[in-house]
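Trainee: I would like to learn how to read a structure such as this one, feature by feature. Could we start with a single residue and then work outward to the helices and the cores?

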Amino acid sequence: KQWYQRRVRGARNAMIIQRRVALAPSDVAKCVEQTDLGELPVWAVELLHGCVPSREETDKLIAHSDKITEFGEAELFCFHLSKVTRYDRKLGIMQFIGTFDEQYSRLVNQVSAVRDASYSVKDSARLRKVLEVILALGNYMNSGRKGLASGFKIQSLSRVSETHSGDYKFTLLHYIVKTIHTSMPELVGFTMEFSHLEDAKRVALKDLVDEIQEMKKNLDTVLDERDKQRDNFVIFSFYNRAQRKVKRLGEQTRQMLEGYEAVCKAFGENPKRIEPQEFFKFFSDFFFQFDKVEKELMQQNDKKTKPAPLNRETSKNLVTEAMMRRTSMY
């Protein structure tokens with residue numbers, strides 16, 4: 001009887017592994033026993049998770065081991081696997097070793113993106129100046145209705161491109177872009193400073209931190225297995241290399257969290273309540289709209305169809321007057 005064939009998925013995995021890796025069942029078991037990825041590729045290790053015989057199946061296989069020549073391929077395959085000590089644990093270690101470099105690289109890139117985006121937004125003098133212009137013009141526009149604001153929420157950045165003129169031909173953002181080009185040329189091109197925003201706004205911080213913690217736990221498991229197999233060169237060499245990388249990643253994560261907390265607080269946000277996906281998207285969307293409007297105005301100039309030119313001195317005086325009436329937003 002072929003008991004293991006009843007587990008269709010497990011039997012199929014066993015067949016795939018045996019035929020594609022060209023190893024005898026006993027050799028596959030030996031690779032797992034020694035956590036050797038030299039002969040057994042990572043994809044095969046992943047499939048082996050589906051070949052774990054249950055306790056009942058293992059007992060049946062052992063009870064009929066005297067009839068091993070009558071075993072089907074799947075039974076014979078799993079009979080040898082059942083002899084591996086700490087089978088599940090070793091498979092997990094092998095999978096961790098096999099995917100470590102790719103996972104590490106991905107995590108480092110995400111950590112670096114959030115860290116660098118945080119410091120670039122927080123420390124940009126030109127962005128600060130642009131936001132001061134927005135605040136000053138907002139206060140100037142609302143001066144007759146309420147007192148001066150000392151700042152504004154970053155959620156309000158989207159309103160800059162949604163606030164239209166009476167004839168709906170221009171928005172407040174059009175005016176801001178023209179003002180910057182006319183009176184503050186040193187701010188032109190400021191959006192180019194934030195190359196990490198696009199990557200940072202894709203990061204779910206909680207998931208990232210949890211995955212890094214899981215990596216540390218997996219490395220602890222490798223250390224424990226190394227202590228059980230002191231002559232296993234694969235585990236010994238991997239642990240020595242990986243623990244240095246994970247330690248470095250831990251320091252980078254600390255810097256990232258500090259930087260993200262600092263930039264959130266600088267803009268009046270609670271870092272525990274807002275994810276980078278949301279926080280950096282406000283800036284990314286604003287920069288996108290700013291560049292879009294800037295391009296539109298440049299095309300208008302090229303076609304000689306631009307609206308009545310903005311008087312440089314009038315624009316400069318208006319912004320200066322507005323900014324003198326505001327209090328600092330920081």
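Trainee: Is leucine 135 buried or exposed?

Mentor: Relative accessible area settles that, and buried means under 20%. Leucine 135 has a relative accessible area of 4%, so this residue is buried. Please keep in mind that the model is predicted. Leucine 135 belongs to helix 7, and its C-alpha atom is separated by 7.2 Å from that of phenylalanine 152, a residue 17 places apart from it along the chain.

Trainee: And how should I judge histidine 80, buried or exposed?

Mentor: The cut-off of under 20% applies here too, and histidine 80, with a relative accessible area of 18%, therefore counts as buried. The residue lies in helix 5, which covers residues 73-81, and, leaving aside residues up to four places away in sequence, histidine 80 touches Pro25, Ser26 and Ala29.

Trainee: What is the secondary structure of the chain as a whole?

Mentor: The chain has 14 helices and zero strands. Of its 330 residues, 42% count as buried, and the accessible surface comes to about 18,000 Å², with 50% of that belonging to carbon and sulfur atoms. Among the contacts between residues at least 6 apart in sequence, 78% join residues at least 24 apart.

Trainee: How are two packed helices described?

Mentor: The description rests on the angle between their axes and the distance between the axes. In this structure, helix 12 and helix 13 pack at an angle of about 55°, their axes being 12 Å apart, and that angle makes helix 12 oblique to helix 13. The crossing in which helix 12 passes helix 13 is left-handed, and the residues that meet there are Tyr260, Val263 and Cys264 from helix 12 and Pro276, Phe279 and Phe280 from helix 13.

Trainee: At what angle do helix 9 and helix 13 pack?

Mentor: Helix 9 and helix 13 pack at about 70°, with their axes 9 Å apart. Because angles of 65 to 115 degrees count as roughly perpendicular, helix 9 is described as roughly perpendicular to helix 13. The crossing of these two helices is right-handed. Helix 9 contributes residues including Leu173, Ile176, Val177 and Ile180 to the contact, while on helix 13 the residues involved include Phe286, Phe290, Val293 and Leu297.

Trainee: Which residues touch the most other members of the largest nonpolar core?

Mentor: A useful habit is to look for the members with the most partners and then to ask which elements supply them. The largest nonpolar core has 59 residues, and those touching the most other members are Val121, Tyr260, Phe279, Phe280, Phe283 and Phe286. At least two residues of this core come from each of helices 6, 7, 8, 9, 10, 11, 12 and 13, and helix 6, with 12 residues, gives the most.

Trainee: What does phenylalanine 280 touch?

Mentor: Not counting residues up to four places away in sequence, phenylalanine 280 touches Val114, Ala117, Ser118, Val121, Leu197, Ala200, Lys201 and Tyr260. Of these partners, Val121 and Tyr260 have already been named among the members of the largest core that touch the most others.

Trainee: How many residues are in the other core?

Mentor: That core, which lies apart from the largest one, has 25 residues, among them Ala14, Cys31, Tyr87 and Leu91.

Methods. Residues numbered from 1 in each chain as written. Predicted model: local features only at pLDDT ≥ 70, side-chain atom pairs only at ≥ 80, totals over all residues. Heavy atoms only, no water. Core = buried A, V, L, I, M, F, W, Y, C linked by side-chain atoms within 4.5 Å. Buried < 20%, exposed > 50% of the residue type's maximum accessible area, 1.4 Å probe, protein only. Helix = DSSP H or I, 4+ residues; strand = E, 2+ residues; numbered from the N terminus. Contact = heavy atoms within 4.5 Å. Areas by Shrake-Rupley, 256 points an atom, 1.4 Å probe, with all protein chains shown as cover. Axes fitted to C-alpha atoms, helices over the stretch in contact; angles between N-to-C directions. Parallel < 35°, antiparallel > 145°, perpendicular 65-115°, else oblique. Left-handed = near helix turned anticlockwise from the far one by under 90°.
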